[in-house]
Amino acid sequence: MNFTISSPANAVIGRYNLSLQVASGNKIFSRFLGQFVLLFNPWCPGDDVYMANENERQEYVLNENGIIFVGNAKYIEARGWYYGQFQDDILNICLTMLDLSLYYRQDPAIDVSRRGDPKYVGRVISSMINGNDNDNGVLLGKWQGSFHSHENPSRWDGSVVILQKWRQDNYKPVQYGQCWVFAGVMCTVLRCLGIPTRLVSNFNSAHDVDRNLSIDKYYDSSGKSLNIGKDSTWDYHVWNESWFIRPDLGTSYNGWQVLDATPQEQSK
């Protein structure tokens, strides 16, 4: 006999055990056939991450090399980055990342049941890329002071060595990362899991801490600047966008969705 097995387009991603069970009268014979991994599928029209354009699938899913734009508005630098999402053991590392998250540790059954939803998986990965939540995250961020005792963020040029070091160090955060490093590693993980993902750079990037849609600066009566506001403007910032539909918001919100793994204010 020949069997063909098809999974639902919204099936939970991850590792599966495949067994064959044969019932004959009152006897049941069971045999373990092996293990397989199910991922999101941008080639499948029924999948939430379906991307119709083949050139875009080649770029945002299959391409292992990319450019990250950094610098400032007057001098934009193109930095090469090796995503390496198909290299040895990267898939195992990415799947382990899901199982190390706080979401899984708090309620494994609920967490696994939601892994067919790319927006949920994106939020879990976004949390796990940084180590600020005491959740065995991949990278620890540092923006000031000396880097002599660990790696200077500017010296990273790819995700594979970071993810492998994270695993080799028993899933302790790798030191150190900054925004483009967080974004590069998250792009690797999401592409590995089958979610089309790209990087976005923004220059003169406003960081609005109190969410009033303005950058507030304070001065005393003599015009002297007061250092009491927490808002700031950065030379640049890098984050990710992933492609999937949003049935929770409506069809007008389908397409590129913003995800930012750089640790800033905690959200819900």
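Q: How many disulfides does the count come to by the rule used here?
A: A disulfide is a covalent bond between the sulfur atoms of two cysteines. The rule asks for a pair of cysteine sulfur atoms within 2.5 Å, and by this rule the count comes to zero. The structure is a predicted model, in which local features need pLDDT of at least 70 and side-chain atom pairs count only at pLDDT 80 or more, while totals for chains, interfaces and linings use all residues. Residues are numbered from 1 along each chain as its sequence is written, and side-chain values use heavy atoms, with hydrogens and water left out.

Q: Why is no bond assigned to the sulfur of cysteine 179, and why is none assigned to that of cysteine 187?
A: For cysteine 179, the closest cysteine sulfur belongs to cysteine 187 and is 14 Å away, which is too far for a bond. For cysteine 187, the closest cysteine sulfur is in cysteine 94, at 11 Å, and this too is too far for a bond.

Q: What makes cysteine 179 and cysteine 187 buried, and why is asparagine 53 called partly exposed?
A: The three words rest on relative accessible area, found with a 1.4 Å probe on protein chains only: buried is under 20%, exposed is over 50%, and partly exposed lies in between. Cysteine 179 has 7% and therefore counts as buried, and cysteine 187, with 0%, is buried as well. Asparagine 53 has 34%, so that it falls into the partly exposed class; this residue lies in the loop between strand 2 (27-38) and helix 1 (54-62), where helices (H or I, at least four residues) and strands (E, at least two) are DSSP runs numbered from the N terminus.

Q: How do you know that histidine 237 is buried, and which residues does it touch?
A: Histidine 237, which is found in strand 10, has a relative accessibility of 4% and therefore counts as buried. Contact means heavy atoms within 4.5 Å, and, leaving aside residues up to four places away in sequence, histidine 237 touches Cys179, Val200, Ser201, Asn202, Ser205, Asp260, Thr262 and Gln264. The C-alpha atoms of histidine 237 and threonine 262 are separated by 9.2 Å, although the two are 25 residues apart along the chain.

Q: What makes a set of residues a nonpolar core, and which residues have the most contacts inside the largest one?
A: The name is given to a set of buried Ala, Val, Leu, Ile, Met, Phe, Trp, Tyr and Cys residues joined through side-chain atoms within 4.5 Å. The largest such core has 48 residues, and those with the most contacts inside it are Met97, Ile125, Ile129, Val138, Ile162 and Trp180. Helix 7 gives the largest share of this core, eleven residues.

Q: Which residues of helix 6 are buried, and against what do they pack?
A: In helix 6 (residues 160-168), Val160, Ile162, Leu163 and Trp166 are the buried residues. The elements they pack against include strand 4 (75-82), helix 2 (90-100) and helix 5 (118-129), as well as helix 7. An α-helix has 3.6 residues a turn, so residues three or four places apart point the same way. Helix 6 is followed by asparagine 170, whose phi is positive, near 60°.
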